[in-house]
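User: Hey, I've got a protein–DNA model open here. Can you walk me through it?

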2 protein chains.
Amino acid sequence: MTDRRIDVRSPVPAYQQLADSLRQRIGAGEWPTGPLPSIEHLQGEYGIGRDTVMRAIKILADEGIVYTIPRRGTYVTRKDHE
Amino acid sequence: MTDRRIDVRSPVPAYQQLADSLRQRIGAGEWPTGPLPSIEHLQGEYGIGRDTVMRAIKILADEGIVYTIPRRGTYVTRKDHE
DNA sequence: AGTAATTTGTTCGTATGTATC
DNA sequence: AGATACATACGAACAAATTAC
(Lines give C-alpha, C1' and ligand atoms only; values in the text may rest on other atoms or scores of the structure.)
Protein backbone atom coordinates (compact mmCIF):
# COMPACT_ATOMS: atom_id res chain seq x y z
CA MET A 1 0.00 0.00 0.00
CA THR A 2 1.25 3.34 -0.94
CA ASP A 3 0.58 6.48 0.98
CA ARG A 4 -1.42 8.96 -1.02
CA ARG A 5 -1.38 11.72 1.53
CA ILE A 6 0.84 14.74 1.66
CA ASP A 7 2.10 15.89 5.03
CA VAL A 8 2.02 19.66 4.84
CA ARG A 9 3.92 19.95 8.11
CA SER A 10 6.82 17.92 6.80
CA PRO A 11 10.05 19.72 5.95
CA VAL A 12 10.03 17.69 2.74
CA PRO A 13 8.33 19.79 0.05
CA ALA A 14 4.96 18.57 -1.13
CA TYR A 15 6.20 18.12 -4.69
CA GLN A 16 9.01 15.87 -3.42
CA GLN A 17 6.60 13.83 -1.35
CA LEU A 18 4.37 13.40 -4.38
CA ALA A 19 7.32 12.40 -6.54
CA ASP A 20 8.28 9.79 -3.95
CA SER A 21 4.74 8.47 -3.79
CA LEU A 22 4.39 8.22 -7.54
CA ARG A 23 7.79 6.57 -7.85
CA GLN A 24 6.70 3.92 -5.39
CA ARG A 25 3.39 3.35 -7.13
CA ILE A 26 5.09 3.06 -10.48
CA GLY A 27 7.56 0.60 -8.99
CA ALA A 28 4.64 -1.37 -7.60
CA GLY A 29 3.34 -1.80 -11.09
CA GLU A 30 0.59 0.73 -11.33
CA TRP A 31 -0.10 2.08 -14.79
CA PRO A 32 2.01 -0.47 -16.66
CA THR A 33 0.59 0.42 -20.03
CA GLY A 34 -1.68 3.40 -19.97
CA PRO A 35 -0.95 6.90 -18.83
CA LEU A 36 -0.71 8.11 -15.28
CA PRO A 37 -3.73 9.93 -13.90
CA SER A 38 -4.01 13.42 -15.28
CA ILE A 39 -2.68 16.42 -13.45
CA GLU A 40 -6.20 17.42 -12.51
CA HIS A 41 -6.93 13.95 -11.20
CA LEU A 42 -3.77 13.89 -9.09
CA GLN A 43 -4.67 17.30 -7.75
CA GLY A 44 -7.91 15.88 -6.44
CA GLU A 45 -6.44 12.59 -5.28
CA TYR A 46 -3.67 14.17 -3.23
CA GLY A 47 -5.43 17.40 -2.38
CA ILE A 48 -2.76 19.63 -3.81
CA GLY A 49 -2.37 22.27 -6.46
CA ARG A 50 -1.48 22.11 -10.11
CA ASP A 51 2.07 23.33 -10.07
CA THR A 52 2.93 20.94 -7.24
CA VAL A 53 1.81 18.04 -9.41
CA MET A 54 3.73 19.37 -12.40
CA ARG A 55 6.89 19.76 -10.36
CA ALA A 56 6.64 16.17 -9.15
CA ILE A 57 6.15 14.87 -12.68
CA LYS A 58 9.12 16.89 -13.86
CA ILE A 59 11.29 15.23 -11.22
CA LEU A 60 10.28 11.79 -12.46
CA ALA A 61 10.74 12.85 -16.06
CA ASP A 62 14.24 14.11 -15.29
CA GLU A 63 14.95 10.72 -13.73
CA GLY A 64 13.76 9.01 -16.89
CA ILE A 65 11.02 7.17 -15.06
CA VAL A 66 8.23 8.78 -17.03
CA TYR A 67 7.84 10.84 -20.15
CA THR A 68 5.12 13.24 -21.10
CA ILE A 69 3.48 13.63 -24.47
CA PRO A 70 1.98 17.10 -24.62
CA ARG A 71 -1.80 17.05 -24.47
CA ARG A 72 -1.78 13.28 -24.29
CA GLY A 73 -0.56 12.26 -20.92
CA THR A 74 2.39 11.03 -18.88
CA TYR A 75 3.57 7.47 -19.41
CA VAL A 76 5.83 5.09 -17.55
CA THR A 77 9.07 4.53 -19.42
CA ARG A 78 9.29 0.92 -20.52
CA LYS A 79 12.51 -0.88 -19.70
CA ASP A 80 13.06 -1.97 -23.27
CA HIS A 81 12.80 1.66 -24.23
CA GLU A 82 15.82 2.70 -22.19
CA MET B 1 -30.98 43.34 -19.34
CA THR B 2 -28.38 40.96 -18.32
CA ASP B 3 -24.77 41.85 -18.03
CA ARG B 4 -22.62 39.85 -20.36
CA ARG B 5 -19.32 41.25 -19.27
CA ILE B 6 -16.86 39.74 -16.89
CA ASP B 7 -15.09 42.06 -14.49
CA VAL B 8 -11.58 40.71 -14.34
CA ARG B 9 -10.73 42.99 -11.44
CA SER B 10 -13.51 41.61 -9.29
CA PRO B 11 -12.56 39.29 -6.47
CA VAL B 12 -15.38 37.05 -7.69
CA PRO B 13 -13.86 34.49 -10.04
CA ALA B 14 -14.75 34.80 -13.70
CA TYR B 15 -16.34 31.36 -13.76
CA GLN B 16 -18.61 32.38 -10.87
CA GLN B 17 -19.57 35.60 -12.59
CA LEU B 18 -20.43 33.66 -15.73
CA ALA B 19 -22.48 31.15 -13.78
CA ASP B 20 -24.41 34.02 -12.22
CA SER B 21 -24.98 35.63 -15.59
CA LEU B 22 -26.18 32.43 -17.18
CA ARG B 23 -28.43 31.69 -14.23
CA GLN B 24 -30.09 35.07 -14.66
CA ARG B 25 -30.50 34.65 -18.40
CA ILE B 26 -31.99 31.21 -17.94
CA GLY B 27 -34.35 32.62 -15.33
CA ALA B 28 -35.30 35.35 -17.79
CA GLY B 29 -36.43 32.73 -20.21
CA GLU B 30 -33.60 32.50 -22.68
CA TRP B 31 -33.14 29.15 -24.35
CA PRO B 32 -36.46 27.68 -23.20
CA THR B 33 -36.31 24.78 -25.59
CA GLY B 34 -33.04 24.52 -27.42
CA PRO B 35 -29.58 24.19 -26.06
CA LEU B 36 -27.48 26.94 -24.58
CA PRO B 37 -24.88 28.49 -26.84
CA SER B 38 -21.89 26.27 -27.30
CA ILE B 39 -18.81 26.60 -25.17
CA GLU B 40 -16.98 28.19 -28.05
CA HIS B 41 -19.77 30.69 -28.55
CA LEU B 42 -19.81 31.63 -24.88
CA GLN B 43 -16.07 32.05 -24.96
CA GLY B 44 -16.44 34.65 -27.66
CA GLU B 45 -19.48 36.31 -26.17
CA TYR B 46 -17.92 36.81 -22.76
CA GLY B 47 -14.32 37.06 -23.86
CA ILE B 48 -13.10 34.25 -21.66
CA GLY B 49 -11.37 30.91 -21.96
CA ARG B 50 -12.69 27.41 -22.35
CA ASP B 51 -12.17 26.05 -18.88
CA THR B 52 -13.82 29.11 -17.39
CA VAL B 53 -16.94 28.38 -19.40
CA MET B 54 -16.88 24.71 -18.53
CA ARG B 55 -16.50 25.46 -14.85
CA ALA B 56 -19.49 27.79 -14.97
CA ILE B 57 -21.60 25.18 -16.73
CA LYS B 58 -20.55 22.59 -14.19
CA ILE B 59 -21.78 24.85 -11.41
CA LEU B 60 -25.19 25.13 -13.04
CA ALA B 61 -25.26 21.40 -13.73
CA ASP B 62 -24.50 20.69 -10.08
CA GLU B 63 -27.39 22.98 -9.18
CA GLY B 64 -29.65 21.04 -11.49
CA ILE B 65 -30.43 24.09 -13.58
CA VAL B 66 -28.96 22.61 -16.73
CA TYR B 67 -27.85 19.23 -17.96
CA THR B 68 -25.33 18.38 -20.62
CA ILE B 69 -25.65 15.67 -23.21
CA PRO B 70 -22.17 14.76 -24.36
CA ARG B 71 -21.39 16.07 -27.81
CA ARG B 72 -24.89 17.45 -28.09
CA GLY B 73 -25.12 20.49 -25.95
CA THR B 74 -26.27 21.87 -22.63
CA TYR B 75 -30.00 22.21 -22.02
CA VAL B 76 -32.13 24.02 -19.48
CA THR B 77 -33.77 21.58 -17.12
CA ARG B 78 -37.50 21.68 -17.60
CA LYS B 79 -39.58 22.08 -14.47
CA ASP B 80 -41.71 19.07 -15.29
CA HIS B 81 -38.53 17.10 -15.52
CA GLU B 82 -37.56 17.70 -11.91
C1' DA C 1 -23.36 6.18 -47.85
C1' DG C 2 -19.85 9.23 -46.68
C1' DT C 3 -17.44 13.28 -45.58
C1' DA C 4 -17.01 17.56 -43.21
C1' DA C 5 -18.46 20.55 -39.53
C1' DT C 6 -19.85 21.03 -34.86
C1' DT C 7 -19.50 20.26 -30.02
C1' DT C 8 -18.19 18.40 -25.71
C1' DG C 9 -14.37 15.96 -23.20
C1' DT C 10 -9.71 15.77 -21.87
C1' DT C 11 -5.02 17.03 -21.24
C1' DC C 12 -0.69 19.47 -20.95
C1' DG C 13 1.72 24.19 -21.16
C1' DT C 14 2.06 28.53 -19.35
C1' DA C 15 1.12 32.75 -16.84
C1' DT C 16 -0.52 35.64 -13.02
C1' DG C 17 -1.91 36.74 -8.34
C1' DT C 18 -1.87 35.77 -3.59
C1' DA C 19 -0.39 33.69 0.63
C1' DT C 20 2.86 31.43 3.57
C1' DC C 21 7.25 30.04 5.41
C1' DA D 1 14.23 37.98 -0.61
C1' DG D 2 13.34 33.56 -2.16
C1' DA D 3 11.08 29.04 -2.29
C1' DT D 4 6.92 26.72 -1.89
C1' DA D 5 2.05 26.28 -2.80
C1' DC D 6 -2.84 27.04 -4.22
C1' DA D 7 -6.40 29.16 -7.25
C1' DT D 8 -7.51 31.07 -11.30
C1' DA D 9 -7.25 31.63 -16.23
C1' DC D 10 -6.10 31.39 -21.29
C1' DG D 11 -4.24 28.66 -25.02
C1' DA D 12 -3.52 24.74 -27.88
C1' DA D 13 -4.19 20.20 -29.43
C1' DC D 14 -6.51 16.10 -30.04
C1' DA D 15 -10.27 12.51 -29.30
C1' DA D 16 -14.88 11.05 -29.88
C1' DA D 17 -19.66 11.51 -30.79
C1' DT D 18 -23.16 13.82 -33.16
C1' DT D 19 -25.13 16.49 -36.77
C1' DA D 20 -25.52 18.52 -41.31
C1' DC D 21 -25.11 18.17 -46.05
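Analyst: Sure. One term to start: a polar contact is a pair of N or O atoms within 3.5 Å. Keep in mind that this is a predicted model.

User: OK, so how far is the backbone N or O atom of B:Ala14 from a phosphate oxygen of DNA strand D?

Analyst: That distance is 2.3 Å.

User: Which side chains have an N or O atom by a phosphate oxygen of that strand?

Analyst: Among them are B:Tyr15, at 2.8 Å from a phosphate oxygen of DNA strand D, and A:Arg55, at 3.1 Å.

User: Which residues come nearest to strand D overall?

Analyst: Out of 20 residues around DNA strand D, the nearest are A:Ala14, A:Tyr15, A:Thr52, B:Ala14 and B:Thr52.

User: And what's the mix by class?

Analyst: The surface near DNA strand D has eight nonpolar, eight charged and four polar residues.

User: What part of the DNA is the protein next to?

Analyst: Of the strand D atoms within 4 Å of the protein, 66% are sugar or phosphate, and the rest belong to bases.

User: Which helix gives the most to that surface?

Analyst: H3(A), with four residues. Helices H1 and H3 of chain A and H1 and H3 of chain B each supply at least two.

User: Switching topic: how do H1(A) and H3(A) pack?

Analyst: Their axes are 8 Å apart, at an angle of about 55 degrees, so the two helices are oblique to each other. H1(A) crosses H3(A) in a right-handed way.

User: What sort of residues make up that contact?

Analyst: Ten nonpolar, two polar and two charged. A:Leu18 and A:Leu22 are among those from H1(A), and H3(A) brings residues including A:Val53 and A:Ile59.

Technical notes. Residues numbered from 1 in each chain as written. Chains lettered and ligands numbered in written order. Predicted model: local features only at pLDDT ≥ 70, side-chain atom pairs only at ≥ 80, totals over all residues. Heavy atoms only, no water. Near = heavy atom within 4 Å. Polar contact = N/O pair within 3.5 Å; in protein donor to acceptor, adjacent residues only side chain to side chain. Nonpolar A, V, L, I, M, F, W, Y, C, P; charged D, E, K, R; others polar. Axes fitted to C-alpha atoms, helices over the stretch in contact; angles between N-to-C directions. Parallel < 35°, antiparallel > 145°, perpendicular 65-115°, else oblique. Left-handed = near helix turned anticlockwise from the far one by under 90°. Contact = heavy atoms within 4.5 Å.
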